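User: I'm new to this structure and would love a close look at one small part of it. Could you walk me through it step by step?
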Amino acid sequence: MKNESMYLHPEIETMSRPEIEKLQLERLKKTIARCMNSDFYQKRFAEHHLKPEDIQTLEDLRKIPFTTKQDLRDNYPFGLSCVPMEEVVRLHSSSGTTGTPTVILHTQHDLDEWANAVARCLYMVGLRPGDIFQNSSGYGMFTGGLGFQYGAERLGMLTVPAAAGNTKRQIKFITDFGTTALHAIPSYTGRLYEVMQEMGINPKKDTKLKTLIIGAEPHTDEQRKRIEEMLGVKAYNSFGMSEMCGPGVAFECKEQNGLHIWEDYYIVEIVDPETLEPVPEGEVGELVLTTLNREAMPLLRYRTRDLTRILPGECPCGRHHKRLDRMKGRSDDMMILKGVNIFPMQIEEVLMRFKELGSNYLITLTNLDANDEMSVEVELKEFNDDYGFMQKLTKEITRQLKDEILITPRVKLVPAGTLPQQEGKAVRVKDLRKVAL
């Protein structure tokens, strides 16, 4: 067992598997009892001829039907609340740009436990009071801002709530305040580095950055290594979602070999997204989560749509909480082209193998004469006017992409800065087939 100074909550983080599962069952029964205060879950249990006392083991959880994002939308705004509204102190909501938004409610207890979970994550990667934590995430309804804010404050760090955007201001804060830890979306770190170069700032020499927290969008390990090399930091993967409070659901430790999911807060399942049956440990499927320590709006067997797997074996860090592999994408992000199932992360993984390429790329799907076509535009790190070299590079990228996704895309190499830059989550796919059809 490692020294307890590694753990913020050693009594929880170093639990054995039997201890974790005992705590989970106790909390699951309390959670189900609380869910019976919700009209939604009362009706759902009745429809499936279930009673709370039918759940006596962790395996019995499978008797309960799944909860989906559509359930949250159908019961908008407060239909899943399990407490009187006077006990609710905050809500977070999705943007609702594609329909009815989803709303998540929190009591003060929920916010306190959320802050504790995020603080635990940050402590796990070596952050301590005395570090300066800069948050370049959006605040407001997006949970990444306030979630990390309160977690960093709970840990006792000086926090810089920079919010999203205004890259030159972000860099000024980093250099002037001596920022040692930064939270940023993976795709934004490339933009940050580009502007640093334009300003003549070497992040390895001219800043005190040592730790980067990345999340909110899927990214490959190749992308992570690139970020670490560019900024001279250790970059730790983070997973969270507003339906589960926000950030702090799962986090890498210093071993960087999977995201520890805090099983005192969640029960994790991996199911086949088509059959909804459990998949064997180690196989990729859809992540399903049940909350265990929430008052206002607990969720039972929530389908996240995120694709991942449980990593087998133990972590050398001494924690026995299950580890999730990095997210492979979302089941609803899958592209079907000429009968082939393709995920954007497969394409990114190939592109990041080439040192000549930058981090920004765009996949465009079109329909020409009833034939689906894919084009992949990707920025070069540096301009190169050697036509023969460029032709050879394009051909090799195309070959490796075909080997991975089984179709031949049109690859176009473009100068750095050509493709649109987003301050928020990167737009990686433009599907124009819907327009053409």
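Which side chain does the side chain of Arg120 make a polar contact with?

Analyst: Happy to help! Please keep in mind that this is a predicted model. The partner you are asking about is His9: its side chain and that of Arg120 form a polar contact at 3.1 Å.

Let's place Arg120 first. You will find Arg120 in helix 5, which spans residues 108-124. Its relative accessibility is 2%, so Arg120 counts as buried; the cut-off for that label is under 20%.

Next, look at what surrounds this side chain. Leaving aside residues up to four places away in sequence, Arg120 touches Leu8, His9, Ile12 and Glu13, and also Trp262, Asp264 and Tyr265. His9 therefore appears twice in this picture, as one of the residues that Arg120 touches and as its polar partner, with 3.1 Å given for the pair.

If you would like another covered spot to compare, try strand 12, residues 302-308, where six of the seven residues are buried. Strand 12 runs antiparallel to strand 11 (residues 285-291), and four bridges join the two. Here Tyr302 of strand 12 has Leu289 opposite. Strand 12 is also joined to strand 15 (residues 329-330), by two bridges and again in an antiparallel arrangement. In that pairing, Leu307 stands opposite Gly329 of strand 15.

To come back to your starting point: Arg120 is a buried residue of helix 5, with a polar contact to His9.

Definitions and conventions
Residues are numbered from 1 along each chain as its sequence is written. This is a predicted model: local features need pLDDT of at least 70, side-chain atom pairs count only at pLDDT 80 or more; totals for chains, interfaces and linings use all residues. Side-chain values use heavy atoms; hydrogens and water are left out. Buried means under 20% relative accessible area, exposed over 50%, partly exposed in between (1.4 Å probe, protein chains only). A polar contact is a pair of N or O atoms within 3.5 Å; within protein, one must be able to donate a hydrogen and the other to accept it, and residues adjacent in sequence count only if both atoms are side-chain atoms. Contact means heavy atoms within 4.5 Å. Two strands pair if DSSP finds at least two bridges between them.
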